[in-house]
Amino acid sequence: MENAPRTKVIVGVDGSPQSIAALRYAAPLSKALGHELQAFASWLPRIALEDYTPEWNPEADARAALDEAITEAFGDDV
């Protein structure tokens, strides 16, 4: 098994203040290391059974939560 070079700093984001802070902290760290910064959504669906509709798209909901967290962390400077 080959050891591949590590070229990413990966941060799980759930929208909490701690995850936003981790994302902000990781940005200059990844830049200093010359690595790509990658964030992923770690989230629980925000639905109640009475609000469920067949059109609900969990992937779109997760993407929206991730986009919101990235905007909160960096504003327009993504």
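Student: Let's start with a helix. Where do Arg63 and Asp67 lie, and how many residues apart are they?

Tutor: Both sit in helix H2, which covers residues 58-74. They are four residues apart, about one turn of the helix. Keep in mind that this is a predicted model.

Student: What do the side chains of Arg63 and Asp67 do?

Tutor: Here's the general idea: side chains of opposite charge can pair when their charged atoms come close. In this structure, the side chains of Arg63 and Asp67 form a salt bridge, with 2.7 Å from N to O.

Student: How many salt bridges turn up in the whole structure?

Tutor: Just one, after a search of the whole structure.

Student: Are Arg63 and Asp67 buried or exposed?

Tutor: Partly exposed is the label you want. That label runs between under 20% for buried and over 50% for exposed. Arg63 has a relative accessible area of 46%, so Arg63 is partly exposed. Asp67 is at 32%, so Asp67 gets that label too.

Student: Okay, on to strands. How do E1 and E2 run, and how many bridges join them?

Tutor: Strand E1 (residues 8-13) and strand E2 (residues 36-41) run parallel, with six bridges joining them. For one pair to look up, find Val13: its bridge partner in E2 is Ala41. To get from E1 to E2, the chain passes through H1, giving a β-α-β crossover that is right-handed.

Student: What can I look at in H1 itself?

Tutor: H1 spans residues 17-33, and Leu29 is one of its residues. Leu29 has 36% relative accessibility, so it counts as partly exposed. Together with Tyr25 and Leu33, Leu29 makes a nonpolar surface patch of about 330 Å².

Student: And Ala22, where does that lie?

Tutor: Ala22 is in H1 as well. Its relative accessible area is 34%, which means Ala22 is partly exposed. Now try a distance: Ala22 and Gly12 are 10 residues apart along the chain, and their C-alpha atoms are separated by 8.5 Å.

Student: Which element has the highest confidence, and which the lowest?

Tutor: A good habit first: where pLDDT is low, the predicted coordinates should not be read in detail. Here, the protein averages a pLDDT of 85, and 82% of the residues score at least 70. Confidence is highest in H1, at a mean of 95, and lowest in H2, at 90.

Technical notes. Residues are numbered from 1 along each chain as its sequence is written. This is a predicted model: local features need pLDDT of at least 70, side-chain atom pairs count only at pLDDT 80 or more; totals for chains, interfaces and linings use all residues. Side-chain values use heavy atoms; hydrogens and water are left out. Patches are made of residues with over 30% relative accessible area and no salt bridge: like charges are joined within 9 Å, nonpolar side chains (Val, Leu, Ile, Met, Phe, Trp, Tyr) within 5 Å. Accessible areas come from the Shrake-Rupley method with a 1.4 Å probe; for residues, only the protein chains shown count as cover. A salt bridge is a side-chain nitrogen of Lys or Arg within 4 Å of a carboxyl oxygen of Asp or Glu. Helices (H or I, at least four residues) and strands (E, at least two) are DSSP runs, numbered from the N terminus. Buried means under 20% relative accessible area, exposed over 50%, partly exposed in between (1.4 Å probe, protein chains only). Two strands pair if DSSP finds at least two bridges between them. A crossover is right-handed if, with the strands pointing away from the viewer, the path from the first strand over the helix to the second runs clockwise. pLDDT is the predictor's confidence in each residue, from 0 to 100.
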